[in-house]
Amino acid sequence: MCFVFLCDEEEKELGRQQASGSCPYCGGKVQAVDFESRWRFCFLPICYKANRKYFCTLCSRRLELYH
């Protein structure tokens, strides 16, 4: 018997907007991108999560927020 399990993550961009501040590496503008991610196991949805990522518009680096 052979079992095949498929796990899949699908990311979809919801929107972009200007964020406050500037890039610490090059001084460019920061852009906030909203994402929606869905995890599936054998084509059955397991998890749904919406999150926000920050990118520099000049050097295209992904920026992290530290609290």
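Colleague: Which residues does Lys53 touch, not counting residues up to four places away in sequence?

Modeller: Lys53 touches Glu11, Gln31, Ala32, Val33, Phe35 and Arg62, where contact means heavy atoms within 4.5 Å. Keep in mind that this is a predicted model, in which local features need pLDDT of at least 70, side-chain atom pairs count only at pLDDT 80 or more, and totals for chains, interfaces and linings use all residues. Residues are numbered from 1 along each chain as its sequence is written, and side-chain values use heavy atoms, with hydrogens and water left out.

Colleague: Why is Lys53 called buried?

Modeller: Its relative accessible area is 14%, and buried means under 20%, while exposed means over 50% and partly exposed lies in between (1.4 Å probe, protein chains only). So Lys53 counts as buried.

Colleague: What makes the pair Lys53 and Glu11 a polar contact?

Modeller: The value for these two side chains is 3.3 Å. A polar contact is a pair of N or O atoms within 3.5 Å; within protein, one must be able to donate a hydrogen and the other to accept it, and residues adjacent in sequence count only if both atoms are side-chain atoms. The pair Lys53 and Glu11 is therefore a polar contact. With Glu10 the picture is this: 43 residues along the chain separate it from Lys53, and their C-alpha atoms are 16 Å apart.

Colleague: Where does Lys53 lie?

Modeller: Lys53 lies in strand 3. Strands are DSSP runs of E with at least two residues, while helices are runs of H or I with at least four, and both are numbered from the N terminus.

Colleague: How do you know that strand 2 and strand 3 pair?

Modeller: Two strands pair if DSSP finds at least two bridges between them. Strand 2 and strand 3 (residues 44–56) have twelve, in the antiparallel sense, so they pair. One place to look is Trp39, which stands opposite Cys47 in strand 3. The hairpin of these strands has two residues between them, and Cys42 takes a positive phi near 55° there.

Colleague: How many bridges join strand 3 to strand 4?

Modeller: Two bridges join them, and the strands run antiparallel. Tyr54 has Leu63 in strand 4 as its bridge partner. Five residues lie between the strands of this hairpin, and Ser60 in the turn has a positive phi of about 60°.

Colleague: What is the pairing between strand 1 and strand 2?

Modeller: Strand 1 and strand 2 (residues 29–41) are antiparallel and share 13 bridges. Gln17 has Ala32 as its bridge partner in strand 2, and Ala19 has Val30. These two strands form a hairpin with six residues between them, where Gly27 has a positive phi of about 85°.

Colleague: Which are the edge strands?

Modeller: They are strand 1 (7–22) and strand 4 (62–63), each of which pairs on one side only. The open sheet has four strands in the order 1-2-3-4, with antiparallel pairing.

Colleague: Why is Glu36 called buried?

Modeller: Glu36 has 11% relative accessibility, so it falls under the limit for buried. This residue of strand 2 touches, among others, Glu10, Leu14 and Tyr48. Its side chain also makes a polar contact of 3.5 Å with the side chain of Arg38.

Colleague: Is Ser37 buried or exposed?

Modeller: Ser37, also found in strand 2, is buried, with a relative accessible area of 3%. Its contacts beyond four places in sequence include Glu9, Cys47 and Lys49.

Colleague: What makes Arg40 partly exposed?

Modeller: Arg40 has a relative accessible area of 27%, which lies between the limits for buried and exposed, so partly exposed is the right label. Its side chain has a polar contact of 3.4 Å with that of Glu10. Arg40 is 31 residues from Glu9 in sequence, yet their C-alpha atoms are 6.4 Å apart.

Colleague: Which residues form the nonpolar patch on the surface?

Modeller: Trp39, Phe41 and Ile46 do, with about 310 Å² of accessible area together (Shrake-Rupley method, 1.4 Å probe; for residues, only the protein chains shown count as cover). Patch residues have over 30% relative accessible area and no salt bridge; nonpolar side chains (Val, Leu, Ile, Met, Phe, Trp, Tyr) are joined within 5 Å, like charges within 9 Å. A salt bridge is a side-chain nitrogen of Lys or Arg within 4 Å of a carboxyl oxygen of Asp or Glu. Phe41, in strand 2, has 32% relative accessibility and counts as partly exposed, so it passes the area limit for a patch.
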